Amino acid sequence: MLNTILPLLLFAALGLAVLGALKRFFMWRRGRPAKVEWLGGLLAMPRRYLVDLHHVVERDKYMSRTHVATAGGFVLAALLAIAVHGFGLHNRILGFALLAATLLMFGGALFVAKRRRNPPARLSKGPWMRLPKSLLMFSASFFIATLPVAGILPQGFGGWLLAAVLALGVAWGVGELFLGMSWGGPMKHAFAGALHLAWHRRSERFSRKDGGGGRSTGLKALDLDDPTAPLGVEKPSDFTWNQLLGFDACVQCGKCEAMCPAFAAGQPLNPKKLIQDMVIGLAGGNDARFAGSPYPGKPLGEHGGGPHQPIVALQGKALVDADTLWSCTTCRACVEECPMMIEHVDAIVDMRRHLTLEKGATPNKGAELLDNLIATDNPGGFAPGGRLNWAADLDLPLFSEKRQADVLFWVGDGAFDMRNQRTLRAFVKILKAAQVDFAVLGLEERDSGDVARRLGDEAVFQQLARRNIATLGQYRFQRIVSCDPHSFHVLRNEYGALGGHYRVLHHSTFIEELLRGGQLQLGRHPLSRERGGKVTYHDPCYLGRYNGEYQAPRQVLAAIGIEVREMQRSGFRSRCCGGGGGASITDIPGKQRIPDMRMADIKETAAELVAVGCPQCTLMLEGVVEPRPQVKDIAELVAEALLEPAATPARQPARRELAQVQ
């Protein structure tokens, strides 16, 4: 009986799965066109899955081992089951191979069941809670059904009753796993996720050959010269089709939710739900059946939409409320943690672009800031002529006079802030001590455009960027150095699309380079380990997660004797200060402030000082009510440890002997 029923079940399920796959593919294709390497992506998919994606999954050892056993066992078991029970290849070797695959899958499924007995709050519940049972049923049913093929049990063992029970078990397991991959359900991510890796919007994330993916973090530019191109994303079908594919790949593990600073602060953002809302909008429906955590303060069941309906409605309910999008700090913690490599920040900025460019709906002080950038080239609206007031006594070399230098020091808008002027002055002191050939643009420098772009005003960003690129094109220099990770990131990773290709360094990287070259003479800092100093270091998002620089700041601190007391959330898992992406300007309220949460992390180390490498981080952390540790930029700490060159003794004039008169 099984020899008749199993082929029918398997091939019926495969046929329906193919139909579901086609239906799902055409659903993704409702999005805008996108250029992909169709064949090349499919050929690269196994490596991207086994190396790049698994590199992220491997951070959680428990789930990594579970994933290898369950997913690997399922793929092998499914292929062998089709060969053995579908095509009737009753070979003992194939039979034993299928038994081994089902045992491997069964073992992994037990770990999935254990995790689901008391799941973390971040995990979605609902249909996901039945997944362990389906995995166990699939593996157990095929294991028993294969015992006669391997010669362990006689053919026809158990008669019709056992055959009927196994047929039901196979139908359950095959129905959930095969059909669920393409028709929707807990296994949907296995199908969509594989194709997402093949046709990823940022294929350059997979370009490195040493594993772990490449680094692609610059926002994609809008073609403002094309009158037919949409200015941002208004409705789900405005996303590119491979972005929609990426949203459908979400496994709902909630790792993005657990790392999101806005969600932790009680602001109305949950990156996992945002991605699921895009899937709901693509298919049509509402969020009443969402089985995870809602946006803080926003109950389920009140939001819905369709593929051609606005995602955000300025009046009334739609798929997403505007304050959900404006809560994001663009810290990229969600992207860094996502095992499916989904690009949450790209989607948020795309939707912001529509609100800003088409609707003029930038909240709170956002509109004022954008007006300031247009009028004065800086977000604070300060008179442009005051950009160098902080350095009136420093005799800074200007490119307008020198025309060329080894280093172009990009000052940034810290020039207008009295607190961050101390950092700039400290870095100038370091440059002069190392005898670096540098110059500044002075009054020719304009805002880099970072905050305008994150707030969705692509037009202002491109205007500022093109003017800066034209200015930079007048002079000769080897590299640009900036104390601001936001300017550093934009100049390094986003100006290139507009024709500005430069070698750009963060000041911590440049200082570390000077130390390696022996160009700086440093003593021990008063807070060095020998003197009992307690210092921690806060990783800026736009230096770390965006650009992968974690070691240089720590090496610089070690060079002046400071031993960093690491916070629990440091490195690529550092918590955002709350100042990125214009979040401090849009100022969406929550239950607590993000910088207060970060300061709590700092206080846990018992540090008396927190070292930073970003003017935004400095402002946000110093905005926390005292008592709290001191906040100092790395440049300030290095400048305090500089050794003055030994004074050369003045030459005494030669003593003249008086001639004796004879």
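Let me begin with a term: a residue is called buried when its relative accessible area is under 20%, exposed when that area is over 50%, and partly exposed in between, with a 1.4 Å probe and protein chains only. By that rule Gln421 is buried, because its relative accessible area is 18%.

Before going further, I should say that this is a predicted model, in which local features need pLDDT of at least 70 and side-chain atom pairs count only at pLDDT 80 or more, while totals for chains, interfaces and linings use all residues. Residues are numbered from 1 along each chain as its sequence is written, and side-chain values use heavy atoms, with hydrogens and water left out.

On confidence, pLDDT is the predictor's confidence in each residue, from 0 to 100, and the protein averages 92, with 96% of the residues scoring at least 70. The exception I would point out is residues 653-662, where the pLDDT is below 50 and where the stretch has zero contacts in the model beyond near neighbours in sequence, a contact being heavy atoms within 4.5 Å. Where pLDDT is low, the predicted coordinates should not be read in detail.

Now the overall picture. The protein has 26 helices and nine strands; these are DSSP runs, helices being H or I of at least four residues and strands E of at least two, numbered from the N terminus. The C-alpha trace spans about 140 × 60 × 50 Å along its principal axes, and of the 662 residues, 57% are buried. Among contacts with a separation of 6 or more, 76% are between residues 24 or more positions apart.

Let me come back to Gln421, which sits in helix H17 (residues 418-433). Leaving aside residues up to four places away in sequence, Gln421 touches Trp390, Gly414, Ala415 and Phe416.

H17 also takes part in the surroundings of helix H26 (residues 634-641), whose buried residues pack against H17, helix H21 (507-516), strand S7 (535-537), helix H22 (551-559), strand S8 (609-612) and strand S9 (630-633). Seven of the eight residues of H26 are buried, so this helix is largely enclosed by the rest of the structure; the buried ones are Ile634, Ala635, Glu636, Leu637, Val638, Ala639 and Ala641. At the start of H26, a side-chain oxygen of Asp633 comes to within 2.8 Å of the backbone nitrogen of Ala635.

Helix H20 (485-493) can be described along similar lines, since seven of its nine residues are buried, and its cover includes strand S3 (404-410), H18, helix H19 (458-472), strand S5 (476-482), S6 and helix H25 (615-622). At its start, a side-chain oxygen of Asp484 reaches to within 3.0 Å of the backbone nitrogen of His486.

That leads to the salt bridges, meaning a side-chain nitrogen of Lys or Arg within 4 Å of a carboxyl oxygen of Asp or Glu; the whole structure holds 51 of them. Which side chains meet that of Glu494 in this way? Arg453 does so at 3.1 Å, N to O, and Arg454 at 2.6 Å. Arg454 lies in helix H18 and Glu494 in the loop between H20 and S6, so this pair ties together parts that are 40 residues apart in sequence. Arg454 counts as buried at 1% relative accessibility, and Glu494 is buried with a relative accessible area of 2%.

Another pair is Glu343 with Arg205, whose closest N and O atoms are 2.8 Å apart. Glu343 lies in the loop between helix H13 (333-337) and helix H14 (344-358), and Arg205 in the loop between helix H7 (188-198) and helix H8 (241-248), so the pair ties together parts that are 138 residues apart in sequence. Both Glu343 and Arg205 are buried.

My last residue is Arg92, in helix H4 (residues 92-117). Arg92 and Ala150 are 58 residues apart in sequence, yet their C-alpha atoms are 4.5 Å apart in space, and the side chain of Arg92 reaches the backbone oxygen of Ala150 at 3.1 Å. That is a polar contact, a pair of N or O atoms within 3.5 Å in which, within protein, one must be able to donate a hydrogen and the other to accept it, and residues adjacent in sequence count only if both atoms are side-chain atoms.
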